Amino acid sequence: MESWIAGVGMTPFGRHPDLSVRDMAEQAVRDALADAGLEAGDLGAVFFGNAVQGAIEGQYGVRGQIAMRDLPLGPIPIINVENACASATTALHLALAHVQTGQADIALAVGSEKMVHPDSAVSMTAFEGSWERGERDHVIDRLGDLGRNTPTPPEAAARETPHSVFMDVYSAFAKWHMAEYGTTERQIAAIASKNHGHSVHNHRAQFQRAFSTDDILAARLIAWPFTLPMCSAISDGAAAAIVCNKAGLARINAARAVRVRAAVMMHGGRRAPDDYANHISRKASARAYEVAGLGPQDIDVVECHDATAFGELQQSELLGFTELGGGGALADSGATTLGGRIPFNPSGGLESRGHPIGATGLAQTFELVTQLRGEAGPRQVDGARIALAENGGGLMGVEEAAIGITILEAAS
């Protein structure tokens with residue numbers, strides 16, 4: 001059964017000490033309802049994405065019910081979703097399945113996360129729940145082995161500053177890629193510079209400041225080869241999408257609805273470290289292209305999971321926009337910049353827009369729906385008709401534990 005995204009909403013991402021998970025979720029949902037021209041009572045189900053409220057606030061259960069309590073909903077199901085950084089995309093995936101199977105005609109996916117805490121150690125510790133904690137030492141050893149052929153320069157090791165464990169994960173991935181394909185620090189920094197440049201046109205982004213590649217390289221070192229502007233920040237924020245089937249579409253302004261061509265979820269963790277060609281992102285995107293009846297050549301704009309700038313470089317290869325090992329050269333070519341052949345992260349990406357992990361996937365959806373409607377203003381991708389979002393979550397083995405690929409099409 002066909003499905004559509006009927007409305008989207010998103011708060012500004014950033015540090016919001018006076019706003020709760022509930023406050024932000026409610027704002028995003030009310031905006032999505034207004035965008036779709038619907039009322040809360042029109043919803044048939046809610047799927048609520050959140051990853052770390054339990055770890056940070058001690059709210060381990062009924063998070064969605066609490067976040068939605070002030071909205072005038074009927075006694076509809078509210079289903080809580082946790083899938084690490086892919087929580088919001090998973091909520092979207094489940095909402096789409098709900099309407100595609102006719103369990104409701106209209107459903108809501110919402111992700112809300114409050115990660116900023118007065119004690120930064122609490123924020124950092126929350127990330128530890130997105131890999132196998134009982135195997136922590138083994139995981140760290142495996143990551144060390146992955147990056148062993150590109151050791152951190154001694155002078156850089158002394159300058160590294162406190163960071164989340166997932167910066168070490170991405171560092172290991174980048175070191176392996178550097179040894180295997182000759183990728184350089186400067187190529188990774190160029191991606192960060194590009195995304196920060198895009199962010200100056202996004203008023204919802206956490207950071208809206210341009211940096212040159214040299215500025216990026218000269219910034220504070222986090223985990224080599226990443227400096228601060230190459231890394232996603234600790235963020236608060238929420239985003240929401242209202243989805244519908246054909247019967248639901250008849251109740252809204254269909255001219256602004258965006259068609260869902262594919263929504264694929266997979267789990268990773270089974271490939272060997274040197275079997276890059278079978279990375280879970282590659283498998284999931286191949287399946288999404290098959291479902292959509294499209295290929296990389298048909299995609300006009302991409303929002304991908306750049307928790308570090310290297311994440312975008314890697315995903316540009318795994319999603320099929322260049323050959324394996326070609327991500328650095330693709331970035332150098334300018335193809336992924338606004339005005340280029342295949343713009344990546346016109347929103348500014350996780351590095352600039354911010355990364356409240358339970359909301360990120362729906363922030364990507366918000367951006368791509370805005371692009372496909374032609375409503376993105378100075379960051380608009382000319383003629384955008386087909387869009388792809390890639391959102392990964394957690395770590396298993398040497399890849400994402402969860403991966404979601406969504407392909408969307410503009411209204412005809």
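Helices and strands are here DSSP runs numbered from the N terminus, and on that basis H279 falls in the loop that connects β8 (258–267) with α12 (280–292). The model described here is a predicted one, and this report takes its sheet as the starting point before turning to the enclosed and open spaces.

## The sheet and its edges

Nine strands make up an open sheet of mixed pairing, and their order across the sheet is β3-β2-β4-β7-β1-β8-β11-β10-β9. The edge positions belong to β3 (78–81) and β9 (301–303), and because each of them has a single partner strand, one side of each is left without a neighbour in the sheet. On average, and with direction ignored, neighbouring strands of this sheet are turned by 25° against each other.

The pairings at the β9 end can be followed strand by strand. β9 runs parallel to β10 (residues 386–396), to which three bridges join it; β10 in turn runs antiparallel to β11 (residues 399–409), with 10 bridges between these two strands. On its other side, β11 is paired with β8 in the antiparallel sense over eight bridges.

Individual bridge partners help to locate these pairings in the structure. The table lists some of the residues that stand opposite each other.

| Residue | Opposite residue | Strand of opposite residue |
|---|---|---|
| V301 | A387 | β10 |
| V302 | L388 | β10 |
| G392 | I403 | β11 |
| A387 | L408 | β11 |
| V260 | L408 | β11 |

Two residues of the table recur. A387 is the bridge partner of V301 and also stands opposite L408 in β11, while L408 is in addition the residue that V260 faces.

How are β10 and β11 connected to each other? They form a hairpin with two residues between them, and in the turn G397 has a positive phi of about 65°. Both strands of the hairpin are well covered: in β10, 10 of the 11 residues are buried, and in β11 10 of the 11 residues are likewise buried, so that β11 is largely enclosed by the rest of the structure. As a general point, side chains in a regular strand alternate between the two faces of the sheet.

## The cavity and H279

Rolling a probe the size of a water molecule over the atoms shows where empty space is left. The structure holds one cavity of 30 Å³ or more, and the space in the largest cavity comes to about 80 Å³. The elements that contribute two or more residues to the lining of this largest cavity are α8 (165–181) and α13 (309–318), and α8 provides the largest share, with three residues.

Among the residues that line the largest cavity are F173, W176, H177, F310, Q314, R271 and H279. Sorted by class, the lining consists of seven nonpolar, three polar and one charged residues.

Is H279, one of these lining residues, buried or exposed? Its relative accessible area is 0%, and because buried means under 20%, H279 counts as buried. Leaving aside residues up to four places away in sequence, H279 touches R271, Q314, L318, E399 and E400. Of these contacts, R271 and Q314 also belong to the lining of the largest cavity.

## The largest pocket

Apart from the cavity, there is the matter of open space. The largest pocket has a volume of about 840 Å³, and 41 residues line it, with M124, L228, S232, A233 and I234 lying nearest its centre. At least two residues of this lining come from each of α5 (120–126), α8, β10 and β11, and α8 gives the most, with five residues. By class, the lining of the largest pocket divides into 22 nonpolar, 13 polar and six charged residues.

α8 therefore recurs in both descriptions, because it gives the largest share to the lining of the largest cavity and the most to the lining of the largest pocket, where helices and strands are taken as DSSP runs.

## A loop residue elsewhere in the chain

G102 is found in the loop between α4 (87–100) and β4 (106–114). With a relative accessible area of 45%, G102 is partly exposed, because the value lies between the limits of 20% and 50%. G102 and A239 are 137 residues apart along the chain, and their C-alpha atoms are separated by 24 Å.

Key. Residues numbered from 1 in each chain as written. Predicted model: local features only at pLDDT ≥ 70, side-chain atom pairs only at ≥ 80, totals over all residues. Heavy atoms only, no water. Helix = DSSP H or I, 4+ residues; strand = E, 2+ residues; numbered from the N terminus. Buried < 20%, exposed > 50% of the residue type's maximum accessible area, 1.4 Å probe, protein only. Contact = heavy atoms within 4.5 Å. 1 Å grid on protein atoms, 1.4 Å probe; cavity = no way out; pocket = protein on both sides within 12 Å on 5 of 7 lines; lining within 4 Å. Points joined across faces, edges and corners; volume = space filled by probe spheres on them. Nonpolar A, V, L, I, M, F, W, Y, C, P; charged D, E, K, R; others polar. Pairing = 2+ DSSP bridges. Axes fitted to C-alpha atoms, helices over the stretch in contact; angles between N-to-C directions.
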